[in-house]
Amino acid sequence: MENFTPSPKWGLQPAVCRACLFAKGAAPARIAGGEPLPAGRPAAQTRALGGLDAQEPAPQQLTAGGSEVWLLSGSAPDAWTDCQPAAAISGAMPVGGLLPLFSSPGGGGLGGGLGGGLGGGRKGSGPAAFRLTEKFVLLLVFSAFITLCFGAIFFLPDSSKLLSGVLFHSNPALQPPAEHKPGLGARAEDAAEGRVRHREEGVPGDPGAGLEDNLARIRENHERALREAKETLQKLPEEIQRDILLEKEKVAQDQLRDKDLFGGLPKVDFLPPIGVENREPADATIREKRSKIKEMMAHAWNNYKRYAWGLNELKPISKEGHSSSLFGNIKGATIVDALDTLFIMGMKTEFQEAKSWIKKYLDFNVNAEVSVFEVNIRFVGGLLSAYYLSGEEIFRKKAVELGVKLLPAFHSPSGIPWALLNMKSGIGRNWPWASGGSSILAEFGTLHLEFMHLAHLSGNPVFAEKVMNIRTVLNKLDKPEGLYPNYLNPSSGQWGQHHVSVGGLGDSFYEYLLKAWLMSDKTDLEAKKMYFDAVQAIETHLIRKSSGGLTYIAEWKGGLLEHKMGHLTCFAGGMFALGADGAPEARAQHYLELGAEIARTCHESYNRTYVKLGPEAFRFDGGVEAIATRQNEKYYILRPEVIETYMYMWRLTHDPKYRTWAWEAVEALESHCRVNGGYSGLRDVYIAHESYDDVQQSFFLAETLKYLYLIFSDDDLLPLEHWIFNTEAHPFPILRDQKKEVDVQEK
Ligand code: DMJ
């Protein structure tokens, strides 16, 4: 190449241009016999001087043997296409036609030509005898060939695969590790996994790797989805049937395995419960009020016993049993829910009756679907607290037995439990109305306390693992404005609709974060953080003050506030006050005051009705405050939340107004809900005549009457430093380590 002096006029023309010129007989301006041509001399003249062409195979021959050259020029810029033969332009030349170039022994082929062609020799004396022009042409041909190959990678029909193969194999960053290289029949996701893993290990300085990786993953996900859809479509009904059976079998096996885990319960040292002495209050009026509440309990219990014994609940007007689908075929909800209230009220005979029934008849081997949440808070919760208060083994055994039966509810792709569970088959599903098949925050978020105690009493960590995984899933998710939506899809592990509520669908999730921390003897710092972060978001986005000065907690729907507060939301007053204990000092007083404000608002919702018991939901819009405006929100079903908040506020402040407000509720219950056959809910709290709903809810005995009784008892009955109430008011002891527990007992 040393003899080549590019003409300033020609400059460095594109290779295709030269090839084109050459083939047409217009040799590039090169030296002939080492003499540079005068600058600017036309190519045609050069050729006419005998230059390169005179000693080389005629261009025609070359064209005949390797017209592939023209194919190369086919990819030249449009300006050059006029010099191409028709066959080349039409792309009719097969790529294989290039082969002669490689095989020509006479130097016409690259195989021989390039070997020594660059040595500056002349044609006819072997490969080393190429002239500069020839070498140049060969170089052009070769580079054009490379361009053709590269182009083919992109434009051939399945070039993407080829390309990815080339890229992945040429770039170590994108190659699957050896053990993950997909072989024949290997699944696409395996390959993706291999790449992902490789990337996680860290490939320095390769920003393209991430993009490629994502593209590969997207492509593979698509392929998998298509494959699965195709497979399902191709299945015969019998095959689908068989798949369902296999799935059922798997669940059954899991259940068996879970059962094996609990062959026998370990010995647990039962420590005598603290604060169950039940001393009479010193003040005679308080004593009287307290015994009135005990009489209410007796009325509710005796009527249940008389008309609905062994069934779930009582219909006090019809005087018969009431079955709610929430418990499937499990029976005795009122018996189990009432156990601890009977115990703390000193109703020993009734407690023994209840225990005998449980021993004989409480059966969880039912072929029916239950609400996991309801069964957990009422049955597991009731049995656990009965055990901790009485030390009777039967309650521990039954609680663990039921806990094991609930474990298959966690068999979802994310481990977030299903809302409904068939107790026999172990198959779970969600409420059909819940956003896109979601599980409900307040339901899956209200298992923690019970399951931690089940782990403790069974000696098996599986219960704790299940509920701790719920946290893991939650902590991975982004929260809109720091709030927790009410819906979470157990299959995808992603939020459903962005609705947020501290009332129905959300409520006890927040309650259990706080109580998980307290029940762990304040060691569960993750729960503490989650609770205080959530409360901060609630304060910022949900808590508002009405023009009349009432603080309320609104609901949040995709960023818009609905100025409505549910009866269920009224529990939050007690929660905020209870949480003041662990808050940073500067915030503690604030949380206590917030609790007091919510208590006042909820009291107003009672006070503004005819019967002095509050509606299911009340609003702060359309010119009203703390009043239900819709007919379907005017009912009262013996709910406890407002009285629950009075109980915490009384215990934490001893402000006498809470006892006054609690007594107002007792009087209202006696005047409007008490009937011969027990206690009934009301359909409308704003009208004078009673509109009974004819249901005595089991939580009336578990919660409403228990909280009332505690308000008129001394603080040393179930002291808050030692007991944590689950959301159904079942007291669980704080889980301290053994040594600490003994110290506390001794004190
Ligand atoms: C009870 O079962 C529990 O308090 C639950 O957390 C909410 N609803 C009822 C009482 O209203």
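This passage describes two small sheets, three helix pairs and a disulfide in a predicted model.

A convenient place to begin is the sheet that contains strand 3. Here three strands form an open, antiparallel sheet in the order 3-4-5. Strand 3 (369-371) and strand 5 (428-429) are its edge strands, and each of them pairs on one side only. Strand 3 runs antiparallel to strand 4 (residues 420-422), and three bridges join the two. Within this pairing, Ser-371 of strand 3 is found opposite Leu-420 of strand 4. Helix 17 lies across both strand 3 and strand 4, and its direction makes an angle of about 65° with strand 3.

Helix 17 also has a helical partner. The axis of helix 17 (residues 372-390) and that of helix 15 (residues 333-344) come within 8 Å, with a crossing angle of roughly 30°. At this angle, helix 15 is roughly parallel to helix 17. The crossing of the two is left-handed. From helix 15, the contact draws on Ala-333, Val-336, Asp-337, Leu-339, Asp-340, Phe-343 and Ile-344. Helix 17 contributes Arg-378, Phe-379, Gly-382, Leu-383, Ser-385, Ala-386, Leu-389 and Ser-390. Sorted by class, the contact of helix 15 with helix 17 holds nine nonpolar residues, three polar ones and three charged ones.

A second helix pair is made by helix 16 (residues 348-361) and helix 18 (residues 393-406), whose axes come within 11 Å and cross at roughly 45°. The two helices are therefore oblique to each other. Helix 16 passes helix 18 with left-handed geometry. On the helix 16 side, the residues that meet helix 18 are Phe-351, Lys-355, Ile-358 and Lys-359. Their counterparts in helix 18 are Ile-394, Phe-395 and Lys-398. This contact of helix 16 with helix 18 is made up of four nonpolar and three charged residues, with no polar ones.

Further along the chain, attention turns to another sheet. Three strands, in the order 8-11-12, form an open sheet with antiparallel pairing. Strand 8 (499-500) and strand 12 (560-562) occupy the edges with a single partner strand each, so one side of each has no neighbour in the sheet. Strand 8 and strand 11 (residues 555-557) run antiparallel and are joined by two bridges. Val-500 stands opposite Trp-556, a residue of strand 11.

The third helix pair brings together helix 23 (residues 525-541) and helix 24, with axes that come within 12 Å and cross at roughly 125°. Helix 23 and helix 24 are therefore oblique to each other. Their crossing is left-handed. Tyr-531, Phe-532 and Val-535 of helix 23 meet Met-575, Phe-576 and Gly-579 of helix 24. In this contact of helix 23 with helix 24, five residues are nonpolar and one is polar, while none is charged.

The model also contains one disulfide. A disulfide is a covalent bond between the sulfur atoms of two cysteines. In this case the partners are Cys-570 and Cys-602, with an S to S distance of 2.1 Å. The torsion about their S-S bond is about -95°, so the disulfide formed by Cys-570 and Cys-602 is left-handed. Cys-570 is located in the loop between strand 13 (564-566) and helix 24 (571-579), whereas Cys-602 belongs to helix 25 (residues 585-607), so the pair ties together parts that are 32 residues apart in sequence.

Notes:
Residues numbered from 1 in each chain as written. Predicted model: local features only at pLDDT ≥ 70, side-chain atom pairs only at ≥ 80, totals over all residues. Heavy atoms only, no water. Axes fitted to C-alpha atoms, helices over the stretch in contact; angles between N-to-C directions. Helix = DSSP H or I, 4+ residues; strand = E, 2+ residues; numbered from the N terminus. Parallel < 35°, antiparallel > 145°, perpendicular 65-115°, else oblique. Left-handed = near helix turned anticlockwise from the far one by under 90°. Contact = heavy atoms within 4.5 Å. Nonpolar A, V, L, I, M, F, W, Y, C, P; charged D, E, K, R; others polar. Pairing = 2+ DSSP bridges. Disulfide = S-S within 2.5 Å.
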